[in-house]
Amino acid sequence: MSERRNVQARAGEARAGLVVMKFGGTSVEDAKAMLRTAAIVRGRRERGLSPVVVVSAMAKVTDQLLAAAAAAGRGDKTGALAIAARLRNRHIETASDLLCGEIFAGTETAIRAEFDALDDLLRGIAAVGELTPRTSDNVVSFGERLSSQMVAAAFEQNGLNGVHVDARTCIITDAHYGKAIPHEAHIEAKLAELVLPLVERGLTPVMGGFIGATEKGITTTLGRGGSDFTAALVGGGLHAGAIEIWTDVNGIMTTDPRICPDALRVKTISFEEAAELAYFGAKVLHPATILPAVQKSIPVWVLNSRNAENEGTKITAMAPPCASPFKSIAAKKGLTIIDVVASRMLMTHGYLKAVFDVFDKYHCAIDMVSTSEVSISVTVDSNERLPEICAELDKIADVKLEGSKALICMVGEDIRGRSGISGRMFSAIRHINVRMISQGASEINMSFMIEQSDVEEAIRSLHAEFFANPDPTVFDTEARVVAAKA
Ligand code: ADP
Ligand code: ASP
Ligand code: MG
């Protein structure tokens, strides 16, 4: 019962009726969650919108697939196959709770075929005893391949005209396994060819996030949390009217609610602020999510699939002025500080370049830098290449490493041109040892490095200082009133 939908757009204009809806792992964690997801999508269709749906793997599946891949890579075939068997049972049980009749039979056959292929792959990896980034991407891709087929079947069964699209036919990337770079022009062409006609026929395309393929068809992934990125690529490529990121919290909050239970929902936040927060550790969004949306000025919403009535957070080009200097506090753990001290001379012309060239050579991203007359301190979060990086730096300087550090990043457009904020900030955490400070690199963020073990205490102290009397035009203060009454 497909009804034709007109989602044409004039050149350069958005398809206002087309909405890309991304559901994270907890929003598809079991049959009940998948049915909640179906109900949310139905709501959008009933409003006359045309959804294109992107789903993550069922909650925790990606971690388990990585564990299976690692076991196989160590030659532990039995361990790897045992993980795959547990995953097989979970998926089939979910499908049988969710589906019935022919749709169940067809989906069960498809799930079994996927798991047979996964078992073969794991046996192959175990036989060789080596896991390459390319095979790891192949193993981990099964999570989204499975969840997307199941959700598409659930939509079909529930009258939403669900149709599965293998993301690897549209999300074309380079061959940088584990963190592939998408080819946006190519993706746009593929979406126009393969997905848009489905939407025009009144169908609801469902595709897995996170996964893609090279032009030669080899499976790749976009990095952990990458389904948000897929949603943005699909939204950008289809010139959608909106992108919705459905997750397990009411939106972007003033900090991670797991650390600070009295965190408040931010009603509206700018693209720039959200991108900064994501980059500096707010897990609620993948760092690259915002970019394709910004380029095409597509509004992004962060919404709660367990509380669909809540209005969520709107991410827009311009944030409304706010009485609070900050919108949110993020923390990035697992960082290492590298102190590079010029041993033989003071820093001379070309010294900084020589140091940064080493990081560049190993594609190692630096989060923060501070320099003095003879030393440079940098913080990095990818540790695999650190031994090689340090060996090279050792040739030009004395090098010291300190692990288990964390970066706290306070973000808000309204810190621009205000005085006294850093005084308040450091006074709130005066009992905590601060290792490095950065302010002004971006006009909307103030960040500093501390011991990882101090993160929770620092965030709670800063939250109490800056969000005790929040501006009700920007923050959902009613949530606090309700919590106080409960
Ligand atoms: P999904 O599986 O839906 O992608 P994630 O686990 O990746 O969900 O992201 C949602 C989680 O992000 C929340 O449960 C929350 O604990 C965490 N989080 C961290 N910082 C924030 C923040 N500032 N606002 C909201 N959630 C945050
Ligand atoms: N399933 C992938 C992960 O856990 C991608 C995602 O959920 O965004 O990282
Ligand atoms: Mg996520």
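This passage describes the sheets, the helix packing and the ligand surroundings of a predicted model.

Strands of a sheet pair through backbone hydrogen bonds, either parallel or antiparallel. One open sheet is built from 8 strands, and its pairing is mixed. The strand order is β3-β4-β2-β1-β7-β9-β10-β8. Its edges are formed by β3 (162-165) and β8 (268-270), each of which pairs on one side only. On average, neighbouring strands in this sheet are turned by 25 degrees against each other, direction ignored. At the β8 edge, the partner is β10 (residues 313-316). The two strands run parallel and are joined by 3 bridges. Within this pair, S270 stands opposite T316 of β10.

Two helices that pack on this sheet are α1 and α9. Helix α1 spans residues 31-46. The strands that α1 touches are β1 (15-23), β2 (50-55), β4 (204-208), β7 (240-247) and β9 (300-304). The direction of α1 makes about 175 degrees with that of β1. Helix α9 (residues 227-238) also packs on the sheet. Its contacts are with β1, β2, β4 and β7. The direction of α9 makes about 170 degrees with that of β1.

A second open sheet has 6 strands with antiparallel pairing. Here the order reads β12-β13-β11-β14-β16-β15. The edge positions belong to β12 (366-371) and β15 (436-439), and each pairs on one side only. Neighbouring strands of this sheet are turned by 25 degrees against each other on average, again with direction ignored. Strand β12 runs antiparallel to β13 (residues 375-380), and 5 bridges join the two. In this pairing V369 stands opposite V378 of β13. Helix α14 (residues 421-428) lies across β14 (398-411), β15 and β16 (445-451). Relative to β16, α14 runs at about 20 degrees.

Two packed helices are described by the angle between their axes and the distance between the axes. For α5 (residues 133-140) and α6 (residues 142-157), the angle is about 20 degrees and the axes are 4 Å apart. Angles under 35 degrees count as roughly parallel, so α5 and α6 are roughly parallel to each other. On the α5 side, the contact involves N138, V139 and V140. These meet F142, G143, E144 and R145 of α6. By class, this contact has 3 nonpolar, 2 polar and 2 charged residues.

The model also contains ligands. Around ligand 1 there are 18 residues. Those that come nearest are T247, D248, M253, D256 and R258. D248 places a polar side-chain atom 2.8 Å from an oxygen atom of ligand 1. For D256, a polar side-chain atom likewise lies 2.8 Å from an oxygen atom of this ligand. The backbone contributes as well: an N or O backbone atom of V284 lies 3.4 Å from an oxygen atom of ligand 1.

Ligand 2 is surrounded by S56, T62, E144, F210, R224, G225, G226 and S227. E144, a residue of the α5-α6 contact, has a polar side-chain atom 2.7 Å from a nitrogen atom of ligand 2. A polar side-chain atom of R224 lies 2.6 Å from an oxygen atom of the ligand. G225 takes part through its backbone, with a polar atom 2.8 Å from an oxygen atom of ligand 2.

Note on methods:
Residues numbered from 1 in each chain as written. Chains lettered and ligands numbered in written order. Predicted model: local features only at pLDDT ≥ 70, side-chain atom pairs only at ≥ 80, totals over all residues. Heavy atoms only, no water. Axes fitted to C-alpha atoms, helices over the stretch in contact; angles between N-to-C directions. Parallel < 35°, antiparallel > 145°, perpendicular 65-115°, else oblique. Contact = heavy atoms within 4.5 Å. Nonpolar A, V, L, I, M, F, W, Y, C, P; charged D, E, K, R; others polar. Pairing = 2+ DSSP bridges. Near = heavy atom within 4 Å. Polar contact = N/O pair within 3.5 Å; in protein donor to acceptor, adjacent residues only side chain to side chain.
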